[in-house]
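This report is written for someone meeting the structure for the first time. Please look through the sequence and the model before reading on.

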Amino acid sequence: FWRGGAGLSVALSHPAQGERKHSNLCCRAMGGLAKTVQAGSSTQAFCEEAFAAEMRAARDSTKPSEAEEQQHLADIELWTMALGVGGLLLAGRGVVSPLAMIALGLYKFGKFAILAHHSLHGGWGRSRRGWYAQGWYRRVVDWLDWIFPDAWVAEHNKLHHYKLNEDTDPDFVERNTKIVHDMQLPLVVKYAIVVVQMVTWKWHYYASNTLKALHAAKPGAPSKTELDEPITLPFLLHQAVSGNPWYRALAADLFIRVLGPPFAVNFLLVPVLVGMLRGNIVPFCSAALINFLGAELYTNMHAFVMIVTNHAGRDLWWFDCPCKADTGEFYLRAILGSTAYHTGTNLIDYFHGYLNYQGEHHAFPDLTPLHYQRMHPRCLEVCERFGVPYVKEPCWVRVKKTADIIVGVAKHRRMAGLASEHVHAWSTQAKVRND
């Protein structure tokens, strides 16, 4: 990729430039490890080890200070709490308030996508990861949602992140929605099903599909092949009613420990308390209930747009085999299997849940939102130089591409084997040369 041989001298005077030249020289010295792209009559080298070194350098050179990290975390917590308090006050006025629904929905989204997500990844340190949302009290205070925190760690952190867009990825959209593909229904009806999924997916699909990861090793568990398939709420209820003991235990855990607390707090306790404070004859406020129901629909939709679309679309890749973590192949798949959205400011990034840096996040899952924000320009530069396509589009464009995958009119691109060994399939430099 780079010309000139004075890598060491450049590294001494220009560290960033020197890292690039030095990694290239090291890659050449390894002999035979660089892959080539056949593009017409010319070839273009791709060195997996150099790419990995550059990605790590991009991470290390953009690390914020501890003081900056703590201030940014405090700001996020303040913004989230302001949305929650403001939404609660609006919801408790005794009238139906769309503004209350949006504020509460954004509060729930912030708790889920930003604070819980990055805390449980260890972005703000192992200590915070150890206590965040653990136990009844901390779950209510930190993240009372339809998703059980320990189940999220098992399913999302361990399985999804290290099996991205493989058949064993529990969140692989194309496989999980095969039932919709196979439905003998008009296409417009299938797209309508997507809309319904958008406003119900967390409790209809994600609650049970994450919880199964905690029950996978228990006696009577289904085969691995069956567990790789999605477990939605209707499927779980059907299996439990049919008498399967493993599914019965999963259903009981789901309703008592996972779904019960957020349902009781949001749709029973809050309306009762609001009714009591307002002096209602019957201590219940139906307007507060409607506001919380509206907030639930909105936060599901918002989270679907920002989360489910992260790794779905005809321009992203499916992988047929696993790879080792923290390698050039792992970082490459993080980019090839992910999409980013609009980025750049805290307002834009908060609205996206700081999920608009998916390539960086899947390469390095335990960084903070601020770190991803600062690393992003360097990551783009590294990908451009190595010919790695970094997909970045508005979220509404990605919703359409995800919907196309769900209804079955589009498929992910197929990667047979390691992506680093099939550079011609994805390299932007090969495409430019062929054009």
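The text below moves from the whole chain to one helix packing, then to salt bridges and a buried residue.

**The chain as a whole**

The structure shown is a predicted model. Its protein chain has 22 helices and six strands, and buried residues make up 53% of the 435 residues in that chain. Among the contacts in the protein chain with a separation of 6 or more, 71% are accounted for by residues that stand 24 or more positions apart.

**Helices α3 and α16**

Two packed helices are described by the angle between their axes and the distance between the axes. For helix α3, which spans residues 48-61, and helix α16, which spans residues 328-336, the axes come within 8 Å and cross at roughly 70 degrees. Because angles of 65 to 115 degrees count as roughly perpendicular, α3 is described as roughly perpendicular to α16. The crossing of α3 and α16 is left-handed. On the side of α3 the contact is made by E48, F51, A52, M55 and R56, while α16 contributes G328, E329, Y331, L332 and I335. Sorted by class, the contact of α3 with α16 has six nonpolar, one polar and three charged residues.

**Salt bridges**

Side chains of opposite charge can pair when their charged atoms come close. A search of the whole structure finds 18 salt bridges, and the table lists some of them with the distance between the closest N and O atoms.

| Salt bridge | Closest N and O atoms |
|---|---|
| R385 with E54 | 3.4 Å |
| E166 with R333 | 3.4 Å |
| K400 with D404 | 2.8 Å |

In the salt bridge of R385 with E54, R385 lies in helix α19 (residues 369-386) and E54 lies in helix α3, so the pair ties together parts that are 331 residues apart in sequence. Both R385 and E54 are buried.

The salt bridge between E166 and R333 links distant parts of the chain, since E166 sits in the loop between α8 (149-160) and α9 (173-176), whereas R333 belongs to helix α16, 167 residues apart. E166 counts as buried because its relative accessibility is 6%, and R333 is buried with a relative accessible area of 3%.

K400 and D404 present a local arrangement, for both lie in helix α20, four residues apart, which is about one turn of the helix. Are these two residues buried or partly exposed? K400 is partly exposed, with a relative accessible area of 47%, whereas D404 is buried, with a relative accessible area of 7%.

Salt bridges can also be followed beyond single pairs: D315, E393, R398 and K401 are linked in a network of salt bridges.

**T402 in helix α20**

Helix α20, which runs over residues 395-407, also holds T402. Which residues does T402 touch, not counting residues up to four places away in sequence? With those neighbours set aside, T402 touches V308, T309 and A312. T402 is buried, and its relative accessible area is 0%. Because buried means under 20% relative accessible area, the value of 0% places T402 in that class.

**Drawing the parts together**

Helix α3 thus appears in two settings, as it crosses α16 at roughly 70 degrees and holds E54, the partner of R385 from helix α19. Helix α16 likewise takes part in the crossing with α3 and holds R333, which is paired with E166 from the loop between α8 and α9.

How values were computed:
Residues are numbered from 1 along each chain as its sequence is written. This is a predicted model: local features need pLDDT of at least 70, side-chain atom pairs count only at pLDDT 80 or more; totals for chains, interfaces and linings use all residues. Side-chain values use heavy atoms; hydrogens and water are left out. Axes are lines fitted to C-alpha atoms, for helices over the stretch in contact, and angles run from 0 to 180 degrees between N-to-C directions. Angles under 35 degrees count as roughly parallel, over 145 as roughly antiparallel, 65 to 115 as roughly perpendicular and the rest as oblique. A crossing is left-handed if the near helix is turned anticlockwise from the far one by less than a right angle, and right-handed if clockwise. Contact means heavy atoms within 4.5 Å. Ala, Val, Leu, Ile, Met, Phe, Trp, Tyr, Cys and Pro count as nonpolar, Asp, Glu, Lys and Arg as charged, and the others, Gly among them, as polar. Buried means under 20% relative accessible area, exposed over 50%, partly exposed in between (1.4 Å probe, protein chains only). A salt bridge is a side-chain nitrogen of Lys or Arg within 4 Å of a carboxyl oxygen of Asp or Glu.
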